[in-house]
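Please open the structure in your viewer, and keep the sequence panel beside it so that each selection can be followed in both.

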Amino acid sequence: MNMKDVHSHTFIAGVIAPATGNTDANTGAVDLAGFLSAEILFSIGAATFTGANTIDVIVEHSDDGVAFSAVEADDILGATVAAGGIVKTFDDSVGAHTAAGYRVGYKGGKRYVRVTLDVSGTPSAPHSVVVLAARPESTPADDQI
């Protein structure tokens with residue numbers, strides 16, 4: 001196996017399609033069965049955030065895909081988890097924001113995850129989310145073309 005082969009070890013398991021808007025969006029229940037880890041990738045485009053115009057990125061998890069609870073610090077890599085499972089907040093502390101991508105790892109023990117973009121006010125920032133299921137129990141992961 002080629003050391004640079006990430007393709008055989010990842011699967012796009014959930015998305016929030018690229019959009020510009022001021023409404024909340026979520027990935028729905030993302031099933032991680034058959035995978036040992038997940039990486040959550042999100043991007044927020046250029047925007048000016050103020051006290052009233054914010055976006056919170058929230059990660060929740062579940063055993064059954066129905067009853068979700070907020071992740072805690074021990075469940076996430078690469079971010080400080082705030083109350084309610086918030087892994088990143090775009091607000092007036094960010095101010096004028098240039099387009100950027102972010103990632104956090106999920107290492108919790110639940111089968112399902114869900115990512116929500118909680119939008120307040122009218123930030124009108126382009127945004128998207130991809131949940132990558134990784135390290136399949138059997139390789140290669142299915143192709144998605």
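Select Ile76 first, and then Tyr106, which is its bridge partner in E11. The strands that carry this pair, E8 and strand E11 (residues 100–106), run antiparallel to one another over two bridges, where two strands count as paired if DSSP finds at least two bridges between them. Strand labels are DSSP runs numbered from the N terminus, a strand (E) needing at least two residues and a helix (H or I) at least four. The model is predicted, so local features need pLDDT of at least 70 and side-chain atom pairs count only at pLDDT 80 or more, whereas totals for chains, interfaces and linings use all residues. Residues are numbered from 1 along each chain as its sequence is written, and side-chain values use heavy atoms, with hydrogens and water left out.

Widen the selection now to the sheet around that pair. Five strands form an open sheet in the order E1-E13-E4-E11-E8, with antiparallel pairing. Its edge strands are strand E1 (10–20) and strand E8 (76–77), each of which pairs on one side only.

Go next to Gly45, in the loop between strand E4 (35–44) and strand E5 (47–48). Is Gly45 buried or exposed? With a relative accessible area of 9%, Gly45 is buried, a class that means under 20% relative accessible area, with exposed over 50% and partly exposed in between (1.4 Å probe, protein chains only). Leaving aside neighbours within four places in sequence, Gly45 is in contact with His97, Ala99, Ala125 and Pro126, contact meaning heavy atoms within 4.5 Å. Add Ala100 to the selection: the C-alpha atoms of Gly45 and Ala100 are 6.4 Å apart in space, although the two residues are 55 apart in sequence.

Move on to strand E12 (residues 112–120), which pairs with strand E2 (residues 25–26) in the antiparallel sense over two bridges; here Asn26 has Thr116 as its bridge partner. Strand E3 (residues 30–31) also pairs with E12 in the antiparallel sense over two bridges, and Val30 stands opposite Val113. Strand E6 (residues 54–62) pairs with E12 over nine bridges, again antiparallel, and the partner of Thr54 in E12 is Ser120.

Three backbone details come next. Most residues other than glycine have a negative phi, and most peptide bonds are trans. Ser124, in the loop between E12 and E13, has a positive phi of about 50° although it is not a glycine, and at 37% relative accessibility Ser124 counts as partly exposed. Arg135, found in strand E13, has a phi near 55° and is partly exposed at 48% relative accessibility. Finally, select Pro140 in the segment after strand E13 (126–136); the peptide bond from Thr139 to Pro140 is cis, with omega near 0°.

Now zoom out to the whole chain. The protein chain has zero helices and 13 strands. Its radius of gyration is 16 Å, close to the 15 Å that the globule rule gives for 145 residues, so the chain is as compact as a globular protein of that length; the radius is taken over C-alpha atoms, and the rule is 2.2 Å times the number of residues to the power 0.38. Of the 145 residues, 40% count as buried. Among contacts between residues at least 6 apart in sequence, 85% join residues at least 24 apart.
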